[in-house]
Amino acid sequence: MDYSDVLKKFEIFLTDICYKQLLKAVQESQPLIIPYETLERFDPELFDHFLEHPEECLQAAEEAMSNIDLGSEELDKKVPLRIMNVPNTEKIPIKNLRSYHLSKFIGIEGLIKQASEVRPEITFATWECQSCGEKIAMLQDEETLEKPYMCECGNKRGFQLINRKMIDVQRIVVEESPESLDGGQQARKLGVYLKSDLVDPTFQRKVVPGNKVCVTGILNDMPIKVDRGKETKRRDIYIDCNYLEPIEKEFEDIEISEDDEKKIKEIASNKDVYEMLTKSIAPSIFGYENIKLAIAIQLFSGVQKIRADGMKTRGDIHILLIGDPGAAKSQMLKYVSMLAPKGRYVVGKSSSGAGLTAAAVKDEFTGTWALEAGALVLANGGMCAIDEMDKMDATDRSAMHEVMEQQTVTVSKASIQATLSARTIILAAANPKYGRFDPYTSIPDQINLPDTLISRFDFIFPIRDVPNREKDTHLAQHILTLHENPETEDTPINAEMLRKYIAYARSNCAPKLTKPAMDAIKEFYVNIRNQNPDDEKAPIPLTARQLEALVRIAEASAKIRLSDTVKKEDADRAIELLTFCLKQVGIDPETGQIDIDRLSSGVGSSKRNKIMEVLRLIKIMQEESPDKIVNREDLITRAEEEGMDSAKVEEVIESLKRDGELFEPKHGYIKKV
């Protein structure tokens, strides 16, 4: 098919099929956007030719627009032709791009990893000869600005740039989606250049790091420069973008057939669905039924709510596992990250704050700073499993506070001010400081995590390795059976179906609280907080943060049943799970009561009351002393007279000295700072 045939066919196509669209696009100075199916239905041969020779066809389309009578000579008829999407046969994974794809029209799908600033680029330059004044126009289609080699008068040097035509250009980096990778493959990246209308401010909302997009365009190559501007034989590839379309993909990109939907509804209607889910989460790991149920509920998650004043309440549930070595925490995290759509697995020791949230990197294209999304942003709408969270640096951990509650990442670095979306479920694991979990020591004293971060987790589960003959027998039998038949899978719901089930429930269910469920949650919350209404020093078992967690858990429980309403049974299940969690980590060993302060700050009400009593005695004794100092032995004796244990008083004194509340002006004496 020669150029004249292509031109003629495009004139017929634009006149007969797209005339109204073209007229509107020209009047509004907008591109003409056409789905590929429209062109394919009009002339399959022309569409095939377009895929093979896109440059020629786009030029012919532009010329055809100029030849069409639109009823006004004043209108600029040349608007860009944008082809939306391509057939699946032309969508090529980035890792499969080869030299025979060059100069062809292709499509790729992936996550925007990095986006540069928009910068102008010269496309057409007019030069003036300094000897004779001759004007020479040149098309600029290379990387460097091209000057005329020689004027007709023989001049080879003196040329001055007198006019130029410019367009805006932006370079983005697209990375393969995690779900398209096999096993532990490294995600490949590809540079994509956006020009003209694709960098308009309205279009820029689509070009945000972390978004999944479908890019269509022409695959081109450029030289790889080495020292002193020399070129190597190897070439780098990039896509000259024709159109970019965001894919609303979080959980919707999993294709669910009618048969799948029928099977999902059958599973959801089964009365043993929660037990089935528990057995299907990490089936090769023995036990931990309550933890597996909590993880299943986490994968389905609650419902995000946007208030009338614009405030958002997160629906995602966060879980922290603290456990003894060899208790299969990492295996559980790895399994869940592979199971969850858009899952990411990172290890605390090798993760930086920028790697988790967002980094400012030097852009090769503009030489300026650009934003590169981290794991939590790339997992937006999915899950991020963070192993060995306690091994992360304190500065890196601080970046997670905003993500876990506000579900955004605010970046203010290297002249970049941006807020990225990070609606990400977090499943984290940490190891106790001294090797094994101690039920009599508070959580903040056992793991190297700040109180403010611990309090943001809805569930905190200890995973303990305690010798028990019956349990050990079952565990040994389970492990030996797995070694005997490693490929045997005995799960009620296989991994692929479970993934579809989660995707379907999250996409189609947004359950609302019913009055019985609200009453059950309210009654539990009010009763547990008011066990000792007359005692001002009584421990606080729950706060409003746990109340919101109960709502999220109950909503997720209803989603598992594919229900539109949260029933009392869902509220009871949420209360049971949260109570199990608090009994594991929130019981004050001195009072035997649940104390949320012990969980979030490490200082329970009993310990806090002792500290207040000791400080009160020190204040009284300092006022009585002429030197304003207190004899340590006298303080302990006086505390014993008031019914306090001497060992506990010693412990409080040492704790206050470490915190800088007390100091020793001389041996055996203490003074309040």
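1. Phe42 has a relative accessibility of 27% in this predicted model, so Phe42 counts as partly exposed. Its ring partner Phe13 has a relative accessibility of 1% and therefore counts as buried. The two members of the pair thus fall on either side of the 20% cut-off for burial, with Phe13 at 1% and Phe42 at 27%.

2. The count of aromatic pairs in the structure is eight. In the pair of Phe13 and Phe42, the ring centres are 5.1 Å apart and the planes stand at 50 degrees, so the pair is tilted. An angle under 30 degrees would have counted as stacked, and one over 60 as edge-to-face. The pair joins distant parts of the chain: Phe13 belongs to helix H1 (residues 3-16) and Phe42 to helix H3 (residues 36-42), with the two positions 29 residues apart in numbering. Phe10 joins Phe13 and Phe42 in one aromatic cluster.

3. A further ring contact involves a charge. The charged end of Arg573 sits over the ring of Tyr274, at 3.5 Å from the ring centre.

4. Which residues of helix H23 (residues 632-641) are buried? They are Arg632, Leu635, Ile636 and Ala639. Viewed down the axis of H23, these buried residues fall within an arc of 95 degrees, so they line one face of the helix. The general background is that an α-helix has 3.6 residues a turn, so residues three or four places apart point the same way. Glu633 and Glu641, on the other side of H23, are exposed. After H23 comes Gly643, with a positive phi near 90 degrees.

5. Two residues that are not glycines also deserve a remark for their backbone angles. Asn85 has a positive phi of about 65 degrees, and Ser103 has a positive phi of about 70 degrees. Asn85 is placed in the loop between strand E2 (81-84) and strand E3 (105-115); Ser103 lies in the loop between E2 and E3 as well. With a relative accessible area of 22%, Asn85 is partly exposed. Ser103, at 43% relative accessibility, also counts as partly exposed.

6. Phe437 is found in the loop between strand E19 (425-430) and helix H14 (443-446). Is this loop residue buried or exposed? Its relative accessibility is 7%, so Phe437 counts as buried. The C-alpha atoms of Phe437 and Ile447 are separated by 9.3 Å, and the two residues are 10 apart along the chain.

7. On internal space, a search of the whole structure finds two cavities of 30 Å³ or more. The second largest cavity holds about 30 Å³ of space. Its lining consists of Gln304, Lys312, Thr313, Arg314, Glu405, Gln406 and Gln407. By class, that lining has four polar and three charged residues and no nonpolar ones.

How values were computed. Residues numbered from 1 in each chain as written. Predicted model: local features only at pLDDT ≥ 70, side-chain atom pairs only at ≥ 80, totals over all residues. Heavy atoms only, no water. Phe/Tyr/Trp six-rings, centres within 6.5 Å; stacked < 30°, edge-to-face > 60°. Helix = DSSP H or I, 4+ residues; strand = E, 2+ residues; numbered from the N terminus. Buried < 20%, exposed > 50% of the residue type's maximum accessible area, 1.4 Å probe, protein only. Lys NZ or Arg CZ within 6 Å of the ring centre and 35° of its normal. Arc of directions from axis to C-beta. 1 Å grid on protein atoms, 1.4 Å probe; cavity = no way out; pocket = protein on both sides within 12 Å on 5 of 7 lines; lining within 4 Å. Points joined across faces, edges and corners; volume = space filled by probe spheres on them. Nonpolar A, V, L, I, M, F, W, Y, C, P; charged D, E, K, R; others polar.
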